[in-house]
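Let's take a first look around this one. We'll start with the overall picture and then go inside, before coming back out to the surface.

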Amino acid sequence: MASQQHLEKMQLRQNYRNLWHTDLITTIHRHPLYCCFALWCGPCASYMLRKRALYDDMSRYTCCAGYMPCSGRCGESKCPEFCLCTEVFLCFGNSVASTRFLLQDEFNIQTTKCDNCIIGFMFCLQQIACIFSIVAMIVGSDEIQEASQILSCLADMVYCTVCACMQTQHKVEMDKRDGKFCPQPMAVPPVQQMSRIDQPIPPAAGYPPAAYGQPYPAQGYPPAAYPPPQYPPSGYSR
């Protein structure tokens, strides 16, 4: 039942209207310093971003943002800071993904096809490296073992790079939310809107849709006025 809800939620995210303020490719060029920080100290960046995504209110915290089966069963309410610290160090990938899902569901943000290709390539490379490692262990060939080590190293590099770009993307989106790109920051949503795994349709929160102008008249032009009537001069008779 829970897996079916997660699948429906993933399908629903494809219909979101808004886009990320910056995509994964341009994060390195636009924010190199934070991207380097997220690369060399990923758990620290994940901790700060999750806390900021919760508007610094740790009473809202749930393990993995409510998207995993363990969510709500780890004693988060007693010591949320310690639980979040444990999450970002022991389940780093899930912590990054959970913050991403949290922002997507809050602001109705869809992931572009280019970002999906980058994330899919990361997962495929990890699976190929795992398969090569298993084959090398079974066959015992030195060539396959060396190839599996190269693939594992490459997969780890891609994984760390993509996670750093994702966290930079999250930081930029929250900068936009908090008014660093516009004069009016957004209001804090209610508690029940922070985790939306049980809501079939996301509420109208986040970025307002663009306003459209008034429609044109049906005929295109106003009707032409009739000419004034012509009266004969006074004293004139036929």
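Of the 238 residues in the protein chain, 36% are buried, meaning under 20% relative accessible area with a 1.4 Å probe, protein chains only (exposed is over 50%, partly exposed in between). Keep in mind that this is a predicted model, where local features need pLDDT of at least 70, side-chain atom pairs count only at pLDDT 80 or more, and totals for chains, interfaces and linings use all residues. Residues are numbered from 1 along each chain as its sequence is written, and side-chain values use heavy atoms, with hydrogens and water left out.

The chain has eight helices and two strands, which are DSSP runs numbered from the N terminus (helices: H or I, at least four residues; strands: E, at least two). Their order is α-β-α-α-α-α-α-β-α-α.

Now for the inside. The largest nonpolar core (buried Ala, Val, Leu, Ile, Met, Phe, Trp, Tyr and Cys joined through side-chain atoms within 4.5 Å) has 38 residues, and Y61, L102 and L103 touch the most other members. These elements each give two or more residues to this core:

| Element | Residues |
|---|---|
| α3 | 32–40 |
| α4 | 42–53 |
| α5 | 80–90 |
| α6 | 92–107 |
| α7 | 113–139 |
| α8 | 142–177 |

The top contributor is α8, with nine residues. Beyond its neighbours within four places in sequence, L103 is in contact (heavy atoms within 4.5 Å) with W20, A53, N108, I109, H170 and M174.

And the outside? I134 sits in helix α7 and counts as partly exposed because its relative accessibility is 40%.
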